[in-house]
Amino acid sequence: MPVTLLGAAEIRALAADLDVTPTKKLGQNFVVDANTVRKIVHVGEVTASDRVVEVGPGLGSLTLAVLETGASVTAVEIDHRLAERLPATAAAHGVAPEKLTVVDADALRVTELPGDPTVLIANLPYNVSVPVLLHFMETFPAIERGVVMVQAEVGERLAAPPGSKVYGAPSVKAAWYGPWRLAGTVSRQVFWPVPNVDSVLVGFRRDPEPRGDETLRRATFRIVDAAFQQRRKMLRQALAGVLGGSPASASDTLTRAGVDPTLRGEQLTIDDFVAIARVAGV
């Protein structure tokens, strides 16, 4: 029996049956368009051999599109009602029980996942999108690639290159794990309810070799946070607090790392920040 997808009418019926009123807090704008969920799966290059983790499956529209490929899915859902219903919805649409595992939990608190997934797929709300992505990249090194649907503002920041207007701490921290790219726009009309902001797809692929160990990552992220805490400040001033306590000591460390102390954080690559952390003595 082939896997079938949810239609707009069934999504509304499921929500009514579960007494789910889409809330801004949980970012519950449900996708009601089959072409859109298939597009996400296509951008994610999901195949039948993949083990996928989906964050925030909601009523299951994207989940079924992933399962349609033959891949196995571990779905992490914070809303207990939705987590409880998802297996039944999947079964009714032709999914074999062993293909779907539902984890009823807050994605930000998950530290173990069954099946060691290698692909991440998600439709993430604005307020938790970056923390969830960084948490999963840090906690689950087996995740090799993925695609997420996020608000345009978040997606542009994640994929921003150094020197661009929206480049910031999230851009640098995401780049620690590998390259991120904008992978398409999403019409507001495919959501229910229709949001008042634009959404984009962001694809990523983890670098084959990590940039460093956990100690270096933490040190680098501390320096990144300090550099962007006061935007448009020269690095020798912005980093004084974490590099010796004075602009002079910060300048010395930056110079030894091959970074101009008069630059601003917005101009540095992830490799620049890693070089500073190494010289600072992790």
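Which residues of α8 are buried? In this predicted model, the buried residues of α8 are L216, R217, A219, T220, F221, I223, V224, A226, A227 and F228. This helix is a good place to begin, and the rest of the chain can then be explored from there.

Helix α8 takes in residues 214–229. Its 16 residues, at 1.5 Å each, should span 22 Å, and the C-alpha atoms at the two ends are indeed 22 Å apart, so expectation and model agree. An α-helix has 3.6 residues a turn, so residues three or four places apart point the same way. Among the elements that cover the buried residues of α8 are the helices α5 (129–139), α7 (169–175), α9 (235–238) and α11 (270–280). At the N-terminal end, α8 is capped by D213, which has a side-chain oxygen 3.2 Å from the backbone nitrogen of T215.

Attention now turns to the strands. Strand β6 covers residues 145–151, and 6 of these 7 residues are buried, so the strand is largely enclosed by the rest of the structure. One partner of β6 is β5, with which it pairs in the parallel sense over 5 bridges. Within this pairing, L120 has G146 of β6 as its bridge partner. Together with α5, the strands β5 and β6 form a β-α-β unit that is right-handed. Helix α5 thus appears twice in this account: in the β-α-β unit and among the elements covering the buried residues of α8.

A further partner of β6 is β9, and here the pairing is antiparallel, over 7 bridges. Across this pair, Q151 stands opposite S199, a residue of β9. What surrounds S199 in the model? Leaving aside residues up to four places away in sequence, S199 touches M149, V150, Q151, A152, T185, V186 and F191. S199 has a relative accessibility of 9%, below the 20% limit, and therefore counts as buried.

Some loops of the model carry backbone features worth a closer look. Most residues other than glycine have a negative phi, and most peptide bonds are trans. Against that background, E45 has a positive phi, near 55 degrees, although E45 is not a glycine. This residue sits in the loop between α2 (34–43) and β2 (51–55). Is E45 buried, partly exposed or exposed? With 43% relative accessibility, E45 counts as partly exposed because this value falls between 20% and 50%. D116 is likewise a residue other than glycine with a positive phi, of about 45 degrees. D116 belongs to the loop between β4 (100–104) and β5 (119–123).

The peptide bond from W192 to P193 is cis, with an omega near -10 degrees. P193 is part of the loop between β8 (191–192) and β9 (199–205), and β9 is the strand that holds S199.

Stepping back to the whole chain, the model contains 11 helices and 9 strands. For 282 residues, a compact globule would have a radius of gyration near 19 Å; the chain has 21 Å, which agrees. Along its principal axes, the C-alpha trace spans about 65 × 35 × 30 Å. Of the 282 residues, 49% count as buried. Finally, among contacts between residues at least 6 apart in sequence, 71% join residues that are at least 24 apart.

Methods: Residues are numbered from 1 along each chain as its sequence is written. This is a predicted model: local features need pLDDT of at least 70, side-chain atom pairs count only at pLDDT 80 or more; totals for chains, interfaces and linings use all residues. Side-chain values use heavy atoms; hydrogens and water are left out. Helices (H or I, at least four residues) and strands (E, at least two) are DSSP runs, numbered from the N terminus. The expected span of a helix is 1.5 Å times one less than its number of residues. Buried means under 20% relative accessible area, exposed over 50%, partly exposed in between (1.4 Å probe, protein chains only). Contact means heavy atoms within 4.5 Å. A polar contact is a pair of N or O atoms within 3.5 Å; within protein, one must be able to donate a hydrogen and the other to accept it, and residues adjacent in sequence count only if both atoms are side-chain atoms. Two strands pair if DSSP finds at least two bridges between them. A crossover is right-handed if, with the strands pointing away from the viewer, the path from the first strand over the helix to the second runs clockwise. The radius of gyration is taken over C-alpha atoms; the globule rule is 2.2 Å times the number of residues to the power 0.38.
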